[in-house]
Amino acid sequence: MADKATGEGASHAAEAAGHAAEGGSGLNIHPMDQFVVEPLFSDGPVHMFTVTNSTLWLALAVLGVALLLVVGTRGRAVVPSRVQSVAELAYGFVHKMVEDVAGKDALKFFPYIMTLFLFIAFSNMLALLPMSFSPTSQIAVTAVLGFSVFIAVTVLGFVLNGSKFLGLFWVSSAPLVLRPILAVIELISYFVRPVSHSVRLAGNIMAGHAVLKVFAGFAGALGLFSFIPILAITGIYALELLVAFIQAYVFTILTCVYLKDALHPSH
Amino acid sequence: MEGDIANLGQYIGAGLAGIGSGAAAIGVGNVAGNFLSGALRNPSAAAGQTATLFIGIAFAEALGIFSFLVALLLMFAV
């Protein structure tokens, strides 16, 4: 039984970079195998424009967002259908978040933040389907999202406020002696933002999916008592559904916080 | 069992970095618990503060993420 489970994974198990747990006996499901990026149509190496499983699920996420917003609101009914009310709820939710956290003048950037939220939420949710691939578990994907927010916000801050943007690092409410030390700390914490912003999303999604796979391995090893890990998987799956939404929410709300810093840099 | 002493140190270091995740868990629990104790005293003001709650959780979590990053670097990059 255990052999059947690894039969699929064994072919690309060797490809998995830094596969540390190889050769151990007992657990035969490799929890990190689900994160291997591999080409969809061929066996060759992955190049710049190779269509991979990551590409497929990213495209599906975009398609899902488009379906929700374009097809869902096609009727423009006064009494909304179910899909339309989901689209309206999502719109109102993000709109209120931008207005509350970043202020009224940040609403110019609402389309970008809405795009981020829906894209991350959809790719997190689609990744919870069985046999799917989770694009947001790849640091490469989340780093693009996180660093684009960072660069956009920094450029915006300098364009809108000029050199006053540097006031973000000069804490004018602190005693004068402390200000240079605080400036160094503020500078470090500013440049660390995109790293924590992107690794938070990737780490949460990756850890959640790895835990699901580890418990699936327990179910294979326990035989008759496998109903215990299966019940646990059901619970963890519900938790992962919550995490998928909360991580999209946290990513967007932090984008709003960074945007607020760029629009009003006074400390 | 095979491998050299450098691998041993690498894995021990990665394991030690995992302690940071536990410390971040304490921090996140602190934020959420304090929010709840405040929210139960004044439930009408709680709804407007959920955004602050999540921002606080995110900042508390950030340093746990760095320990996770250190563990990842030790396992795969060093």
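The exercises below, each with a worked solution, concern a predicted model with chains A and B.

**Exercise 1. Describe the secondary structure of chain A, and state what share of its residues is buried.**

Solution. Begin with the count of elements: chain A holds seven helices and zero strands, and from the N terminus on these elements run α-α-α-α-α-α-α. Turn next to burial, where the buried residues amount to 26% of the 267 residues in chain A. Finally, consider the contacts in chain A between residues at least 6 apart in sequence, of which 65% join residues at least 24 apart.

**Exercise 2. Check the span of helix α2 of chain A against the value expected at 1.5 Å a residue, and then work out how its buried residues are arranged about the axis.**

Solution. Helix α2(A) covers residues 53-71, and because each of its 19 residues is taken at 1.5 Å, with the expected span being 1.5 Å times one less than the number of residues, the helix should span 27 Å, which agrees with the 26 Å between its end C-alpha atoms. The buried residues of the helix are S54(A), W57(A), L58(A), A61(A) and V65(A). Viewed down the axis of α2(A), these buried residues fall within an arc of 105°, so they line one face of the helix. As background, residues three or four places apart point the same way because an α-helix has 3.6 residues a turn. On the face turned away from the buried side of α2(A) sit the exposed residues A59(A), L63(A), V70(A) and V71(A), whereas the cover over the buried residues includes α4 (110-126) of chain A.

**Exercise 3. Determine which residues of helix α3 of chain B are buried, what they pack against, and where the helix is kinked.**

Solution. Take the length first: α3(B) comprises the 28 residues 50-77, which at 1.5 Å a residue should span 40 Å, and the 38 Å between its end C-alpha atoms agrees with that value. The helix nevertheless has a kink of about 30°, centred on A62(B), and A62(B) is itself among the buried residues, which also include F54(B), I57(B), E61(B) and F68(B). The buried residues of α3(B) pack against α6 and α7 of chain A, together with α1 (5-41) of chain B. For the contact between the chains, chain B supplies eleven residues and chain A 15 residues; by class, the side of chain B that touches chain A has ten nonpolar, no polar and one charged residues.

**Exercise 4. Compare two annotated spans of chain A, residues 212-234 and 241-260, with the geometry of the model.**

Solution. An unreviewed UniProt entry lists both spans under "transmembrane region", among other stretches of chain A. Over residues 212-234 of chain A the chain is 83% helix and 0% strand, with end C-alpha atoms 9 Å apart, while residues 241-260 of chain A are 100% helix and 0% strand, with end C-alpha atoms 29 Å apart. To see what lies inside the former span, locate F225(A), which is placed in the loop between α6 (179-222) and α7 (227-263) of chain A.

**Exercise 5. Decide whether F225(A) and D4(B) are buried or exposed.**

Solution. The cut-off for an exposed residue is 12 or fewer other C-beta atoms within 10 Å. F225(A) has 11 such neighbours and therefore counts as exposed; D4(B), in the segment before α1 of chain B, has 8 C-beta neighbours inside 10 Å and therefore also counts as exposed. The C-alpha atoms of D4(B) and F54(B), 50 residues apart along the chain, are separated by 44 Å.

Terms used
Residues are numbered from 1 along each chain as its sequence is written. Chains are lettered from A and ligands numbered from 1 in the order in which they are written. This is a predicted model: local features need pLDDT of at least 70, side-chain atom pairs count only at pLDDT 80 or more; totals for chains, interfaces and linings use all residues. Helices (H or I, at least four residues) and strands (E, at least two) are DSSP runs, numbered from the N terminus. A residue is buried if 20 or more other C-beta atoms lie within 10 Å of its own, exposed if 12 or fewer, and partly exposed in between; C-beta atoms are placed from the backbone. Two residues are in contact if their C-beta atoms, placed from the backbone, lie within 7 Å. The arc is that of the directions from the helix axis to the C-beta atoms. Ala, Val, Leu, Ile, Met, Phe, Trp, Tyr, Cys and Pro count as nonpolar, Asp, Glu, Lys and Arg as charged, and the others, Gly among them, as polar. UniProt positions are given in the numbering used here, feature names are shortened, and annotations may be inferred rather than shown by experiment. The bend at a residue is the angle between axes fitted to the seven residues ending there and the seven starting there.
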